[in-house]
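Q: Please take a close look at one part of this structure, the place where the ligand is held. I would like a connected account of its surroundings.

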Amino acid sequence: MAVDKAIDDSLLMKIPAWWNCLPGFEQMHAEAKLIGEQVLRPNADISDREGVYPRVSLQAIADAGFGAVTVPEEYGGLGAGCSGFAVLAETFAQYCGSTTMVWVMHTAAVQTLFMAGSHEQRLRFIPKVVRGAVGGLAFSEPATGSHFWNVVSKAPRSGEGYMLNADKSFVTSAGEADWYIVETNSPESAKADKLMFLIVEKGQDGVEAFPFDALGLRGNNSGPMKFKDVFVPASNRLGEEGGAGYWNDIVIDPFFLLGSSACWIGIAQGAISAAVEQAKRKVHADTGKSVAGYQVIRHEMAKAQILVDSARSMLYRVADKLDQAALKGETLDSCLYPLWELKTHAADIVIDVTNKALQISGGRGYLRGNVERFMRDGRAGAIMGPTNEVLREWIGRTLIGVPWLE
Ligand SMILES: Cc1cc2nc3c(=O)[nH]c(=O)nc-3n(C[C@H](O)[C@H](O)[C@H](O)COP(=O)(O)OP(=O)(O)OC[C@H]3O[C@@H](n4cnc5c(N)ncnc54)[C@H](O)[C@@H]3O)c2cc1C
């Protein structure tokens with residue numbers, strides 16, 4: 001089969017636009033593609049090879065108006081909800097996984113600041129975020145690993161604020177973010193849940209970030225951080241002293257699970273699209289066939305694309321449901337179960353799909369380039385907390401009707 005010769009257009013099956021993009025978000029999708037092609041893709045390779053933080057790509061995203069995408073318009077945000085967040089993250093990830101993961105963490109941090117923050121905190125931080133200031137989430141600790149809801153660090157009261165001491169194992173944008181939401185414990189809290197969120201700003205004394213030298217997502221500086229005797233004024237406490245588990249359930253988890261799933265789906269789509277293009281271009285002189293001309297290869301493409309579309313269908317359905325819940329004034333924890341399934345599936349399929357993409361691309365796919373980068377980047381999904389093992393356990397416990405968290 002010669003896939004490169006001119007074919008009568010009327011004979012081609014057209015994939016409906018709604019299958020690839022949530023209806024109503026086509027314009028946003030097109031804008032994200034443009035940024036992806038013009039800025040994210042050209043910078044992705046240097047970020048990956050040299051571990052360069054994707055500052056240029058992040059600024060381009062903010063300049064396009066996507067710095068506070070889920071924040072309501074009256075606070076300077078875009079008011080695009082979870083659906084806009086999902087469409088953008090999925091599209092950006094088709095070009096650069098590192099940039100997308102930074103932006104996903106940033107957006108989750110911004111939404112948490114918006115939801116848990118006071119009016120004064122919103123006015124202080126959101127205009128900066130809209131201009132390009134980056135937020136990060138410093139949650140996971142070496143002591144409790146991926147169980148980020150069980151951190152052991154503490155920030156006792158000290159004068160007009162708190163004295164924070166915390167070791168964090170992985171923080172996306174470590175040393176690069178303009179502000180971090182640090183999850184810690186308040187020993188003085190009268191609540192059963194001692195978790196507390198503190199905002200630590202760039203340049204504060206006692207904050208140290210360490211390098212990130214990893215298999216993939218190499219540009220996103222997800223290294224460890226130490227917060228040693230960091231004074232945090234009470235005006236930088238988000239929400240109350242203790243009880244932050246509530247914000248984990250209604251903001252952090254929904255936004256991280258949705259946004260990261262979109263990232264894994266976008267990476268999978270980026271890989272399979274690149275592999276299909278390569279397979280169409282490469283022609284064997286002896287058989288006269290392109291690689292795409294072999295039926296077995298086309299079947300692998302089809303299997304990979306069906307996996308991507310199954311995860312994307314879940315993504316858009318959950319995103320839409322989250323927006324409907326928010327419109328009705330419901331908290332987003334009502335969607336946690338579907339989000340667990342979504343993240344587990346997206347993080348599983350990205351491994352399978354990128355592996356298929358590499359196989360389809362042959363030796364070319366094994367060389368340094370887009371396809372192998374997508375494979376390395378996507379591998380992070382299953383190990384980022386809540387990990388796929390933990391999520392499957394929560395899903396299984398729910399199925400048999402016992403409490404999901406022991
Ligand atoms: C690229 C990247 C970016 C990250 N960014 C951030 C960030 O911005 N902020 C942040 O706070 N954290 C971040 N993390 C941390 C992440 O969310 C996890 O905490 C981390 O990847 C888990 O690593 P660990 O070695 O601590 O896992 P561990 O918890 O030690 O897990 C090791 C293994 O045990 C399994 N396991 C753990 N608990 C259970 C259980 N209860 N039941 C069954 N199996 C279990 C896991 O699934 C895994 O296979 C990032 C991680 C990566 C890789």
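A: What follows describes the ligand site and then the domains around it. The model is a predicted one, and in it the chain is divided into domain 1 (21-134), domain 2 (138-238) and domain 3 (245-399). Both domain 2 (138-238) and domain 3 (245-399) give residues to the shell around the ligand, so the ligand lies between these two domains.

That shell is made up of 19 residues, of which the closest are Leu137, Ser140, Ser146, Thr387 and Glu389. Sorted by class, the residues around the ligand are 10 nonpolar, eight polar and one charged.

Oxygen atoms of the ligand take part in several polar contacts, and these involve both backbone and side-chain atoms of the protein. On the backbone side, an N or O atom of serine 140 lies 2.7 Å from a ligand oxygen, while a polar backbone atom of glycine 385 is 2.9 Å from an oxygen atom of the ligand. Threonine 387 instead uses its side chain, where an N or O atom is 2.7 Å from an oxygen atom of the ligand. Taken alone, the ligand exposes 970 Å², and the protein buries 69% of that area. The space that the ligand takes up is the second largest pocket.

As for the remaining domain, the C-alpha centres of domain 1 and domain 2 lie 22 Å apart, and 28 residues of domain 1 are in contact with 20 residues of domain 2.

Technical notes: Residues are numbered from 1 along each chain as its sequence is written. This is a predicted model: local features need pLDDT of at least 70, side-chain atom pairs count only at pLDDT 80 or more; totals for chains, interfaces and linings use all residues. Side-chain values use heavy atoms; hydrogens and water are left out. A residue is near a molecule or strand if one of its heavy atoms lies within 4 Å of it. A polar contact is a pair of N or O atoms within 3.5 Å; within protein, one must be able to donate a hydrogen and the other to accept it, and residues adjacent in sequence count only if both atoms are side-chain atoms. Accessible areas come from the Shrake-Rupley method with a 1.4 Å probe; for residues, only the protein chains shown count as cover. On a 1 Å grid over the protein atoms alone, a cavity is a set of points where a 1.4 Å probe fits but cannot get out, and a pocket is an open set with protein on both sides within 12 Å along at least five of seven lines; lining residues have an atom within 4 Å of a point. A molecule sits in a cavity or pocket if more than half of its atoms lie within 2 Å of its grid points. Ala, Val, Leu, Ile, Met, Phe, Trp, Tyr, Cys and Pro count as nonpolar, Asp, Glu, Lys and Arg as charged, and the others, Gly among them, as polar. Domain bounds come from an automatic or database domain assignment. Contact means heavy atoms within 4.5 Å.
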